[in-house]
Amino acid sequence: MKILANDGISKSGILALEKGGFEVITTKVAQEQVANYVNENNVSVVLVRSATKVRKDIIDACPGLKIIGRGGVGMDNIDVDYAKSKGISVINTPASSSESVAELVFAHLFSGVRFLHDSNRNMPLEGDSNFEGLKKAYANGIELRGKTLGIVGIGRIGQATAKMALGLGMKVIAADSFIEKVDVSVVFFDGQSITTTIVSQSLESVFKEADFITLHVPAQEGYIIGAAELEIMKPGVGIVNCARGGVIDEVALVKALDSGKVLFAGLDVFENEPNPEITILMNQKISLTPHIGAATLEAQDRIGTELASQIISILKN
């Protein structure tokens, strides 16, 4: 039985699938050719990350498809309900990349509060001629310790982010439409741990109280953060989005950055992905990454083996 991992899969995932008797194809097939390739090569399973979309047209065109797998959490690039209605199993790996995404959130937070994103742009250009000027420009950093982190969406990734914030000595507040409260345990290297309960509060109160805001939500119909939401936030707030593009009004965000209302933003995802707006890419107050939240070696290993385990369970049992 053949599996097309069109957006790639870790070596550990390939080995687990091959051990289970499957043939794994890692050839990158263009979006418009996926259906033809699946049919011509008798592919039973298609695995994707965020690049390849598996919509109704592909599902209808591939009657031999048994499983669609997403290496990651969000399923917005797959027509999940339609696939299930056709008897196709749809799987993902919600637990595999939480820590990786949370660490990227803090990479953006540290970058923002210490101006690393801008400093790393300007030091190669002016470090030898304007060292003292740059030193003065980046001298007003702030600490994360003691500040309030507002987490919008306190699911697995939100909880992983909360653990890191608590470890840094931050206060954590959260808003979630589905989770009323959650116990978060921070486990230390020596086996000791602390546990605290985070009670979900209103989105408005999180926006008003937080010094920094991080989003961990699926794709939405509208904006979670727009001009009205930015208006009620604290002056000098920092905002990070490593979730999905389209949950922040980027035009309103740029205006808030330009006015000084928002101190900095960290963006791993974008409204117009994979072609972010030039006003976003060139803004000196935005720390930028190209949708790499789950792109660590450790996470990809976990994703590959988790996908393999689910596929083997479904098709062998």
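The following exercises, with worked solutions, concern a predicted model of one protein chain.

**Exercise 1.** Determine how many helices and strands the protein chain has, and why the chain counts as being as compact as a globular protein of its length.

*Solution.* Step one: the secondary structure comprises 13 helices and 13 strands. Step two: the radius of gyration is 21 Å, and the globule rule gives 20 Å for 317 residues. Step three: these values are close, so the chain is as compact as a globular protein of that length. Along the principal axes, the C-alpha atoms fill a box of roughly 60 × 45 × 40 Å.

**Exercise 2.** State what share of the residues is buried, and what share of the exposed area carbon and sulfur atoms supply.

*Solution.* Step one: buried residues, those under 20% relative accessible area, make up 47% of the 317 residues. Step two: the chain exposes about 15600 Å², of which carbon and sulfur atoms supply 52%.

**Exercise 3.** Identify the residues with the most contacts inside the largest nonpolar core, and the element that gives the most to this core.

*Solution.* Step one: this core has 28 residues, and Ile213, Ile225 and Ile239 have the most contacts inside it. Step two: the elements that give two or more residues include β7 (171-175), β10 (212-215) and α11 (250-259). Step three: α11 gives the most, with five residues. Step four: leaving aside residues up to four places away in sequence, Ile225 touches, among others, Phe207, Ile213, Leu230, Met233 and Ile239. Step five: apart from this core lies another, of 23 residues, including Leu109, Val113, Ile154 and Met170.

Conventions. Residues numbered from 1 in each chain as written. Predicted model: local features only at pLDDT ≥ 70, side-chain atom pairs only at ≥ 80, totals over all residues. Heavy atoms only, no water. Helix = DSSP H or I, 4+ residues; strand = E, 2+ residues; numbered from the N terminus. Rg over C-alpha atoms; globule rule 2.2 N^0.38 Å. Buried < 20%, exposed > 50% of the residue type's maximum accessible area, 1.4 Å probe, protein only. Areas by Shrake-Rupley, 256 points an atom, 1.4 Å probe, with all protein chains shown as cover. Core = buried A, V, L, I, M, F, W, Y, C linked by side-chain atoms within 4.5 Å. Contact = heavy atoms within 4.5 Å.
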